[in-house]
Amino acid sequence: MQLKIEESPDTGKKNCSEPALKRPRIEIPSPLPTFKVRKEKLGDRITALQQLVSPFGKIFIERNQPNTLFLAPYNLGDNWMLVVVNPTAEIVYYLDSLGVNIGQHPQMRKMFDNAIKIYRANKGTKVSKVKFSNIKWTMIKCPIQDNGSDCGYYVLRYMKEILLCSEEGVIPHEYFPTYSFEKYSTERIDEVKQEWCRYVLENIITNK
């Protein structure tokens, strides 16, 4: 999946406060199915766990380069959020337009933690016992929606702004200064709506 970005006049220039550096590679995993892990013999449990997390782990292994960020929009049933993974640094960034703490999504956290462990094992990386199960998660202070319907558009804006501003595979905890708003304006939401419609028309409907 390719994310096509057309810059509007007010975002055409990169106004981020830091000097321009080489942008990190960005990967957006395709939507993946959900699997249930059954409590059985150790071998069966390991197989089931690999089935659950191996799609993400496989993507990390096959496409990873230093400071690559993997963008993974995620929906638990009633809300879109964005998980961004830097597997080499073993950091997971979490952006939720409702401001829900990651502690309320233990299964989602476990799934991405296990994907990083698979990547780590494949690379032969050795870590301490403390770090083994202590993957770093950072909740980003991103713009928060004030309604119950714009979560998907907020995720699109997060993705666009990460593409524009992220450097060296890092997302600042306080978010990017240029886009550090309490909430997005109607104009900024309309902008990603138009870009998404244009992408669908040009790359999906037209190609059928």
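Reading from the N terminus, the elements of this chain follow the order β-α-β-β-β-α-α-β-α-α. That adds up to five helices and five strands. Keep in mind as you look around that this is a predicted model.

**The chain as a whole**

Of the 208 residues, 39% count as buried. The chain exposes about 12,300 Å², and carbon and sulfur atoms supply 52% of that area. What about contacts between parts that sit apart in sequence? Take the contacts with a separation of 6 or more: residues 24 or more positions apart account for 68% of them.

**Two helices by the numbers**

Here are H2 and H4, with their spans from first C-alpha to last.

| Helix | Residues | Length | Span | Expected span |
|---|---|---|---|---|
| H2 | 106-123 | 18 residues | 26 Å | 26 Å |
| H4 | 151-165 | 15 residues | 21 Å | 21 Å |

For H2, the reach is close to what 1.5 Å a residue would give, and the reach of H4 is likewise close to its expected value.

In H2, the buried residues are Met108, Met111, Phe112, Asp113, Asn114, Ala115, Ile116, Tyr119 and Arg120. Right after H2 comes Gly124, which has a positive phi, near 75 degrees.

**H4 and its partner H5**

H4 is mostly covered, with eleven of its 15 residues buried. The buried set has some greasy-looking names and some charged ones to check on screen: Cys151, Tyr154, Val155, Arg157, Tyr158, Met159, Lys160, Glu161, Ile162, Leu164 and Cys165.

How do H4 and H5 sit relative to each other? Their axes come within 9 Å, and the crossing angle is roughly 85 degrees. Angles from 65 to 115 degrees count as roughly perpendicular, so H4 and H5 fall in that class.

If you want to find the meeting place of the two helices, look on the H4 side for Tyr153, Tyr154, Leu156, Arg157 and Lys160. On the H5 side, the residues they meet are Arg188, Ile189, Glu191, Val192, Lys193, Glu195 and Trp196.

Arg157 deserves a click of its own. This arginine belongs to helix H4. Is Arg157 buried or exposed? Its relative accessibility is 0%, so Arg157 counts as buried. Setting aside neighbours within four places in sequence, Arg157 is in contact with Tyr175, Tyr179, Tyr184, Arg188, Glu191 and Val192. Arg188, Glu191 and Val192 also turn up in the list of H5 residues that H4 meets.

**Val83 in strand E3**

Now over to strand E3, residues 80-86, where you'll find Val83. With a relative accessible area of 0%, Val83 is buried. Which residues touch Val83, apart from those within four places in sequence? They are Phe70, Leu71, Ala72, Val92, Tyr93, Met108, Phe112 and Trp137. Met108 and Phe112 are also among the buried residues of H2. Pro73 is ten residues from Val83 along the chain, and the two C-alpha atoms are separated by 6.1 Å.

**Cysteines**

How many disulfides are there? The count comes to zero. For two of the cysteines, the exposure values go like this: Cys142 has 6% relative accessibility, so this residue counts as buried. Cys197, at a relative accessible area of 45%, is partly exposed. In H4, Cys151 and Cys165 are among the buried residues.

Key: Residues numbered from 1 in each chain as written. Predicted model: local features only at pLDDT ≥ 70, side-chain atom pairs only at ≥ 80, totals over all residues. Heavy atoms only, no water. Helix = DSSP H or I, 4+ residues; strand = E, 2+ residues; numbered from the N terminus. Buried < 20%, exposed > 50% of the residue type's maximum accessible area, 1.4 Å probe, protein only. Contact = heavy atoms within 4.5 Å. Areas by Shrake-Rupley, 256 points an atom, 1.4 Å probe, with all protein chains shown as cover. Disulfide = S-S within 2.5 Å. Expected span 1.5 Å × (residues − 1). Axes fitted to C-alpha atoms, helices over the stretch in contact; angles between N-to-C directions. Parallel < 35°, antiparallel > 145°, perpendicular 65-115°, else oblique.
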